[in-house]
Amino acid sequence: HKEERFLYPIYPIWTFLAAYVLDTAMENTSTMFRKRLRFLVYAFAGCIFLCRVSATYRNHSGYLKLWMDTSTVLENHLLVSSSSTSQQPLVVCTGSEWYLFTSHFFLPEHSQLAFLDDGFKGILPQ
């Protein structure tokens, strides 16, 4: 679900808290066993943490990569068309999916964002 991206920072904390509770519960065991178990638990928690962060980045960074590539294409188009005398801004239309646009940082100079009105009556970004 798309709200998952807001929860992923909590999962590693839960994992390390579980490791800490297990470590605390093992205080009455032998020192050698406790050291090995502590290492295994922390290593496992670290692996889960790294896997979770990398999966979230890989699975939720698609639009960021798309707009980075789009920015490159737009800059190349502006370089080619800069030899013409018209100074009209290049209009980039996102259709009715304006909410997928991440930032104006990805639009080069002399370009502007546009979107189609699909009948939505809420507040739209300017």
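Reader: Hi! What does the secondary structure of the protein come to?

Author: Four helices and two strands, in what is a predicted model. Going along the sequence, the pattern reads α-α-α-α-β-β.

Reader: Thanks. What share of the residues counts as buried?

Author: Of the 126 residues, 20% count as buried.

Reader: And the contacts? How many of those between residues at least 6 apart join residues at least 24 apart?

Author: That share is 41%.

Reader: Let's go inside, then. Which residues make up the largest nonpolar core?

Author: There are eight in all: Trp-67, Leu-74, Leu-78, Leu-90, Val-92, Phe-101, Phe-106 and Leu-107. Helix H4 and strand S1, which spans 90–93, each supply at least two residues of this core. H4 gives the most, with three residues. As a general point, nonpolar side chains tend to be buried together in soluble globular proteins.

Reader: I'm looking at Leu-90 now. What is Leu-90 in contact with, leaving aside its neighbours within four places in sequence?

Author: Leu-90 is in contact with Leu-74, His-77 and Leu-78, and also with His-110, Ser-111 and Gln-112. Two of the names there, Leu-74 and Leu-78, are also in the core list.

Reader: Nice. Where is the place of Thr-94?

Author: Thr-94 sits in the loop between S1 and strand S2, and S2 covers 111–114.

Reader: A loop residue, okay. Is Thr-94 buried or exposed?

Author: Thr-94 counts as buried, because its relative accessibility is 15% and the cut-off for buried is under 20%. Not counting residues up to four places away in sequence, Thr-94 touches Trp-67, Leu-113, Ala-114 and Phe-115. Trp-67 also belongs to the largest nonpolar core.

Reader: Switching topic: aromatics. How many aromatic pairs does the count come to?

Author: The count comes to one aromatic pair. Tyr-11 and Trp-14 form it, in an edge-to-face arrangement with 5.8 Å centre to centre and 65° between the planes.

Reader: Where do Tyr-11 and Trp-14 lie?

Author: Both are in helix H2, residues 10–25, three residues apart, which is about one turn of the helix.

Reader: How open are they: is Trp-14 buried or exposed?

Author: Trp-14 is exposed, with a relative accessible area of 54%. Tyr-11 has a relative accessible area of 25%, so Tyr-11 is partly exposed.

Reader: Got it. What about empty space: what volume does the largest pocket have?

Author: About 490 Å³. The largest pocket is lined by 15 residues, and Arg-5, His-60, Ser-61, Gly-62 and Tyr-63 lie nearest its centre. Helices H3 (31–60) and H4 (62–81) are the elements that give two or more residues to that lining. H3 gives the most, with five residues.

Reader: How do the residues of that lining divide?

Author: They divide into seven nonpolar, six polar and two charged.

Reader: And enclosed space? How many cavities of 30 Å³ or more does a search of the whole structure find?

Author: The search finds one. The largest cavity holds about 40 Å³ of space.

Reader: Which residues line the largest cavity?

Author: The lining consists of Ala-19, Leu-22, Asp-23, Met-26, Arg-34, Leu-37, Arg-38 and Val-41. H2 and H3 each supply at least two residues of the lining, and H3 gives the most, with four.

Reader: Last one: how does the lining of the largest cavity divide?

Author: Five of the lining residues are nonpolar, three are charged, and there are no polar ones.

Definitions and conventions:
Residues numbered from 1 in each chain as written. Predicted model: local features only at pLDDT ≥ 70, side-chain atom pairs only at ≥ 80, totals over all residues. Heavy atoms only, no water. 1 Å grid on protein atoms, 1.4 Å probe; cavity = no way out; pocket = protein on both sides within 12 Å on 5 of 7 lines; lining within 4 Å. Points joined across faces, edges and corners; volume = space filled by probe spheres on them. Nonpolar A, V, L, I, M, F, W, Y, C, P; charged D, E, K, R; others polar. Phe/Tyr/Trp six-rings, centres within 6.5 Å; stacked < 30°, edge-to-face > 60°. Buried < 20%, exposed > 50% of the residue type's maximum accessible area, 1.4 Å probe, protein only. Core = buried A, V, L, I, M, F, W, Y, C linked by side-chain atoms within 4.5 Å. Contact = heavy atoms within 4.5 Å.
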